[in-house]
Amino acid sequence: MDLRDEAKRQRDNDELRQDFAENANSFHVWLTETRAVMVDSQGDLEDQLKVIQEKSKEIQERKEALSIVEDLGAQMEEALILDNKYTEHSTVGLAQQWDQLDQLAMRMRHNLEQQIQARKMTGVPEETLKEFAANFRHFDKNKSQFLDHQEFKSCLRSLGYDLPLIEEGLPEPEFEAILKTVDPNGDGVVSLSEYMAFMISRETENVHSSKDVEDAFKALTEGADKDFVTEQELYQSLSRPQAEYCIQHMKPYVDSRGREVPNAYDYKTFCSDLFAN
């Protein structure tokens, strides 16, 4: 091989390095920005879910861009190019980050759907769910959607759990009992989904049956002995989102003569349907 051939080979290799770097760097910027948009999404639960659904679709579409990076990486390997001064990113590293982003989107979508369902089925206010999620994010310093056990313990304390301070290495029976519920597989971390399920269950742990909820609604009624609850009573006793949900989903109350009572709602049928589901 003469000097001209060698010079051409080096120029071609350098162009390949730059082409790979341009695509790899651009793909990494997209990965970083997309993750930030997903993790920092604001608004009500439905708005957040819409963002995650859109990003999930975008993640799948951007796999084509990853394929271009992988093809260029394969060309570099074939040309025996082992170094690239134009980028710090590798094909394997970017593929792993894309997969992690895809998994993150799936976890976030599942968690938001879980929160929306909990709000509908348990009556836990959206503001309470947001408070739970905000506390989790505060202690999730690396935004991995997981808390290690120490972070989880700090999170619980911030929410008012009275966990005693115990020297390192000594047993913590109270906290360990919680971990058996939240982290049953003992993998050392608590996911956002596991955390939310635990917090929702604690928020609703005093409600065991349809009869419990019926009794709670009956207590709202005039004289605490009516078979229907009025719109005014709902707004007086519940948060506005809870009252609106009940009004939207409760059937109008019909008395024993088949007459519909104005502005009155059938909480017994509502409770029966709620627990049937």
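This is a short walk through three helix pairs and one cavity. The model is predicted.

Start with helix α1, which covers residues 3-39. Its partner here is helix α2, residues 45-61. The two axes lie 10 Å apart, and the helices pack at an angle of about 160°. Angles over 145 degrees count as roughly antiparallel. So α1 and α2 are roughly antiparallel to each other. Their crossing is left-handed. On the α1 side, the contact uses W30, T34, V37 and M38. On the α2 side, V51, I52, K55, E58 and I59 meet them. By class, this contact holds six nonpolar residues, one polar residue and two charged ones.

Now move along the chain to helix α5, residues 126-139, and helix α6, residues 149-158. Their axes come within 9 Å and cross at roughly 140°. That angle makes α5 oblique to α6. The crossing is right-handed. From α5, the residues in contact are N135, F136 and F139. From α6, they are E151, S154, C155 and S158. This contact divides into three nonpolar, three polar and one charged residue.

Helix α6 has another partner to look at: helix α7, residues 173-182. Here the axes are 12 Å apart, and the packing angle is about 110°. The range from 65 to 115 degrees counts as roughly perpendicular. Therefore α6 is roughly perpendicular to α7. H149, F152, K153 and L156 are the α6 residues that take part. They meet F175, I178, L179 and V182 of α7. Six of the residues in this contact are nonpolar, one is polar and one is charged.

Compare the two contacts of α6. Toward α5, α6 offers E151, S154, C155 and S158. Toward α7, α6 offers H149, F152, K153 and L156.

Last comes the cavity. How many cavities of 30 Å³ or more does a search of the whole structure find? The search finds one. The volume of the largest cavity is about 40 Å³. Which residues line the largest cavity? They are L163, P164, I166, E172, P173, E174 and F175. Five of these lining residues are nonpolar, two are charged and none is polar. F175 links this cavity to the helices just described: F175 lines the cavity, and F175 also belongs to the α7 side of the contact with α6.

Terms used:
Residues numbered from 1 in each chain as written. Predicted model: local features only at pLDDT ≥ 70, side-chain atom pairs only at ≥ 80, totals over all residues. Heavy atoms only, no water. 1 Å grid on protein atoms, 1.4 Å probe; cavity = no way out; pocket = protein on both sides within 12 Å on 5 of 7 lines; lining within 4 Å. Points joined across faces, edges and corners; volume = space filled by probe spheres on them. Nonpolar A, V, L, I, M, F, W, Y, C, P; charged D, E, K, R; others polar. Axes fitted to C-alpha atoms, helices over the stretch in contact; angles between N-to-C directions. Helix = DSSP H or I, 4+ residues; strand = E, 2+ residues; numbered from the N terminus. Parallel < 35°, antiparallel > 145°, perpendicular 65-115°, else oblique. Left-handed = near helix turned anticlockwise from the far one by under 90°. Contact = heavy atoms within 4.5 Å.
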